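Trainee: I would like to understand how the words used for a protein model follow from its values. Could we go through them slowly?

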Amino acid sequence: MFLFSIFSDINEFHQMAFGRLKDFEETKFFKQLSSHFIFAQSNLFNRDVKVTRSMETHFLSTLVKELNPQTVFEIGTYNGFTALHLAVNSPPACRIFTLDLPPDYDVGKVVASSYDDLLVIKLSQQTISQRFYKKHPLENKITELYGDSAGFDFSPYYGKVDIVFIDGNHSFEYVKSDTENAFKMLSGHGIIVWHDFDYIIHKDVFFYLNDLAAKYPIYSVPHTRFAIYGKIII
């Protein structure tokens, strides 16, 4: 826990000192969120440090609760912890699409830029039938999709997605490709949330979003590894 705290402090220092993203807490949307109580649901005890921190899970859940999306697309399923939170906090009619590599994917083909890319893929393949949403009452809201996001056909979702959550491969090439597809999928009021905007482990994500921030107003969410974009955010 001590080392984790040091890691968080160092990462936040780099976000502030070298990050080019804007501060989410300075947006009108943050003021909107802060103007009333939002009682989102998030699970503390079944968390996995390889996925999202408790603060991150709750932030994402709160975001979904506030936005009431009709369609959500997640890139990177892993154990389904985040997908279940998306389902629990979204309206009953909302559809959650979550994309992951197929269970028989050759891990040797993976282009990895961080130690956890290969680790998460291997664990995902081993526990694919034990995802958190399996046998949950809201499982029917979630549609599992399989494929390599670099070659996946996202065209059926163009212009239809209210929230895109990017948490797949962390290499520069994949983050760039996933982001370009995310922009195409956005509905008129849609938002993109990137996970792992951190300088220490996921430098490719950090540098790519820093570059992209010169073109789009992208915001860093304090005390998390989230970056966020959307016309409604400003």
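Mentor: What follows is a conversation about salt bridges, the sheet, two helices and a few loop residues. This is a predicted model, in which local features need pLDDT of at least 70 and side-chain atom pairs count only at pLDDT 80 or more, while totals for chains, interfaces and linings use all residues. Residues are numbered from 1 along each chain as its sequence is written, and side-chain values use heavy atoms, with hydrogens and water left out.

Trainee: Why is the pair of Arg20 and Asp211 called a salt bridge?

Mentor: The term requires a side-chain nitrogen of Lys or Arg within 4 Å of a carboxyl oxygen of Asp or Glu. The closest N and O atoms of Arg20 and Asp211 are 3.5 Å apart, so the pair meets that rule. Arg20 sits in the loop between α1 (2–18) and β1 (22–23) and Asp211 in helix α7 (residues 203–212), so that the pair links distant parts of the chain, 191 residues apart. Helices (H or I, at least four residues) and strands (E, at least two) are DSSP runs, numbered from the N terminus. By the salt-bridge rule the count comes to 7.

Trainee: How do you know whether Arg20 and Asp211 are buried, exposed or partly exposed?

Mentor: Buried means under 20% relative accessible area, exposed over 50%, and partly exposed in between, with a 1.4 Å probe and protein chains only. Arg20 has 56% relative accessibility and therefore counts as exposed, whereas Asp211, at 45%, counts as partly exposed.

Trainee: What makes Asp100, Arg131, Lys134 and Glu144 one network?

Mentor: They are joined by salt bridges that share partners. Arg131 forms one with Asp100, where the closest N and O atoms are 2.9 Å apart. Because Arg131 lies in the loop between α5 (115–126) and β4 (142–146) and Asp100 in strand β3 (residues 95–100), this pair ties together parts that are 31 residues apart in sequence. Arg131 also meets Glu144 in a salt bridge, at 3.2 Å from N to O, and Glu144 belongs to strand β4, 13 residues apart from Arg131.

Trainee: Which of Arg131, Asp100 and Glu144 are buried, and which are partly exposed?

Mentor: Arg131 has 2% relative accessibility and so counts as buried, and Asp100, with a relative accessible area of 13%, is buried as well. Glu144, at 25%, counts as partly exposed.

Trainee: What makes β1 and β4 edge strands?

Mentor: Two strands pair if DSSP finds at least two bridges between them. The open sheet has 8 strands in the order β1-β7-β8-β6-β5-β2-β3-β4, with mixed pairing. β1 and β4 each have a single partner strand, so one side of each is left without a neighbour in the sheet.

Trainee: How do you know that β7 and β8 pair?

Mentor: Strand β7 (residues 219–220) and strand β8 (residues 227–230) share 2 bridges in the antiparallel sense, so the pairing rule is satisfied. Ser220 has Ala227, in β8, as its bridge partner.

Trainee: What makes α3 and α4 a pair of helices in contact, and how do their axes cross?

Mentor: Contact means heavy atoms within 4.5 Å. Thr57, Leu60, Ser61, Val64 and Lys65 in α3 meet Phe81, Thr82, His85, Leu86 and Asn89 in α4. The axes, which are lines fitted to C-alpha atoms, for helices over the stretch in contact, with angles from 0 to 180 degrees between N-to-C directions, come within 8 Å and cross at roughly 30°.

Trainee: Why are Tyr78 and Lys135 singled out for their phi?

Mentor: Most residues other than glycine have a negative phi, and most peptide bonds are trans. Tyr78, in the loop between β2 (71–75) and α4, has a positive phi near 50°, and Lys135, in the loop between α5 and β4, has a positive phi of about 70° although it is not a glycine. Tyr78 is buried, with a relative accessible area of 10%, while Lys135 is exposed, with 81%.

Trainee: How do you know that Pro222 meets residues from a remote part of the sequence?

Mentor: Pro222, in the loop between β7 and β8, touches Asp23, Phe24 and Glu25, not counting residues up to four places away in sequence. The C-alpha atoms of Pro222 and Asp23 are separated by 7.5 Å, although these residues are 199 residues apart along the chain.
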